[in-house]
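Here's a walk through one protein chain, from a helix pair out to the cores and a couple of single residues. Have the model open as you read.

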Amino acid sequence: MGSDVILVIVVCTALAFDFTNGFHDTANVVATSISTRAMSPRLAVAFAAALNFAGAFISLKVAATVGKGIVDASAVTPTILFAGLIGAIVWNLITWYFGLPSSSSHALIGGVVGAAIAGKGTAAVMGDGLLGKVVVPALVAPVLAFATAAIGILVVYRIVGALRPGPVSGGFKLGQLVSGGLLALAHGTNDAQKTMGVITLALIAHGDIAASNFHVPSWVVISAASAIALGTYSGGWRIIKTMGSRIIKMDSAQGFSAQGAGAAVILAASHYGYPLSTTHVISGGVIGAGAAKRVSAVRWGVAGNIIGAWVLTLPAAGAFGLIVYGITRIFGTGAAGPLVVSVALLIGIAVALVRRVQRGSPITAEA
């Protein structure tokens, strides 16, 4: 009975993480369209949410990587997964509060790895998979998006440089509907699958699926797709402001190039099963589109803060996952620890939101 309770808690926590992933990473998808006024904020968010949902059904290769390529599925327990998820949620909430577009993907992976080390030692972590499937792509993907966006914007300016600004701007705003839609689809394809992989790991640990027969049940796909879409629709306005206007002052051509570069890189990675950080990729695209026009157009101080958050995410979320696992073990190996931690986290979030409202600060910052 206790194992059933823990499984339910893990599944609910995973979907809660997926929801925070959606509102935390909304900026990745819609910030450029909003900042260039290609779409209104609410329309952009609704558009992204719908395509996030659709994208989750395109492929399951990333889910397979998360489920069996980073930690040893036979060594992982539901409590370890719970601790990893809580560690990722805590880091997501911290970076959301300060408006930093850190990686939800790396927070999830870092949290699970940290909890796995706490519970089973370093032998539970597949070092080759972590390096080859997570760390190396994390370094390559934003650089590739930077280069693609930079080349793209230079080509675009060469083509339209002699044309009247009005029609050109209008054309690129329409183009952003396409590039933004592809980016939203790519985000759903890559990010929703990470939660699917974790829930499937929990089902393996519970004995519902054999480790040798890894597959993602349909109900897991549908629930993860729904959670990330709802999170996206709720919007992460604090990070939207950072992504949309604080890094560079973007025009519609730059927005089109940044979105197109980000979508291309993420869709290619999803095809090969790499769990990329969509935050890293689109940030690289935005910086590339700005720097190619004029290096001084990029607010490098803001970009440096974002890079700092990237570097911290894996170890910080891992540390939180390790700590949460230690706290749960104080209450034994049953469901008591996860229940206590879940209630404490919900109370903490409620208190923080009430204090923000009492100070007169809206929960969602201005769009």
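## Where helices meet

H106, I109 and V113 in α5 meet L130, V134 and A138 in α6. By class, that contact has five nonpolar residues, one polar residue and no charged ones. Keep in mind that this is a predicted model, so treat the geometry below as computed from a prediction.

Two packed helices are described by the angle between their axes and the distance between the axes. For α5 (residues 104-120) and α6 (residues 127-160), the axes come within 12 Å and cross at roughly 145 degrees. The crossing of α5 and α6 is left-handed.

Helix α6 has another partner, α11 (residues 278-293), with the axes 7 Å apart and an angle of about 35 degrees. The crossing of α6 and α11 is right-handed. On the α6 side, the residues making the contact include A138, A141, P142, A145 and F146; on the α11 side, G284, G285, G288, A289 and A292 are among them. By class, the contact of α6 with α11 divides into 15 nonpolar, four polar and one charged. A138 turns up in both places: it is part of the α6 side facing α5 and part of the α6 side facing α11.

Here are the two pairs together:

| Helix pair | Axes | Angle | Handedness |
|---|---|---|---|
| α5 and α6 | within 12 Å | roughly 145 degrees | left-handed |
| α6 and α11 | 7 Å apart | about 35 degrees | right-handed |

## The whole chain

Zooming out, the protein chain has 13 helices and zero strands, so the pattern along the sequence is just α repeated from start to end. Of its 367 residues, 55% are buried. The accessible surface comes to about 14,500 Å², and 71% of that belongs to carbon and sulfur atoms. Among contacts between residues at least 6 apart in sequence, 87% join residues at least 24 apart.

## The cores

In soluble globular proteins, nonpolar side chains tend to be buried together. Which residues touch the most other members of the largest nonpolar core here? They are V71, L81 and M196, out of 60 residues in that core. Helix α4 (residues 78-97) gives the most to this core, with nine residues. If you click on L81 and skip anything up to four places away in sequence, you'll find it touching V10, V76, V112, V198, L201 and A202.

There is also a second, separate core of 16 residues, which includes A141, V265, L276 and V286. A141 is a residue you've met already, on the α6 side of the contact with α11.

## Two buried residues up close

V62 is found in helix α3 (residues 61-68). Is V62 buried or exposed? V62 counts as buried because its relative accessibility is 0%, and the cut-off for buried is under 20%. Apart from neighbours within four places in sequence, V62 is in contact with N190, Q193, K194, S270, G273, Y274 and P275. V62 and D191 are 129 residues apart in sequence, yet their C-alpha atoms are 8.4 Å apart in space.

T200 sits in helix α7 (residues 165-206). T200 is buried too, with a relative accessible area of 0%. Leaving out neighbours within four places in sequence, T200 is in contact with I209, F214, H215, V216, P217 and V220.

Technical notes: Residues numbered from 1 in each chain as written. Predicted model: local features only at pLDDT ≥ 70, side-chain atom pairs only at ≥ 80, totals over all residues. Heavy atoms only, no water. Helix = DSSP H or I, 4+ residues; strand = E, 2+ residues; numbered from the N terminus. Buried < 20%, exposed > 50% of the residue type's maximum accessible area, 1.4 Å probe, protein only. Contact = heavy atoms within 4.5 Å. Areas by Shrake-Rupley, 256 points an atom, 1.4 Å probe, with all protein chains shown as cover. Axes fitted to C-alpha atoms, helices over the stretch in contact; angles between N-to-C directions. Left-handed = near helix turned anticlockwise from the far one by under 90°. Nonpolar A, V, L, I, M, F, W, Y, C, P; charged D, E, K, R; others polar. Core = buried A, V, L, I, M, F, W, Y, C linked by side-chain atoms within 4.5 Å.
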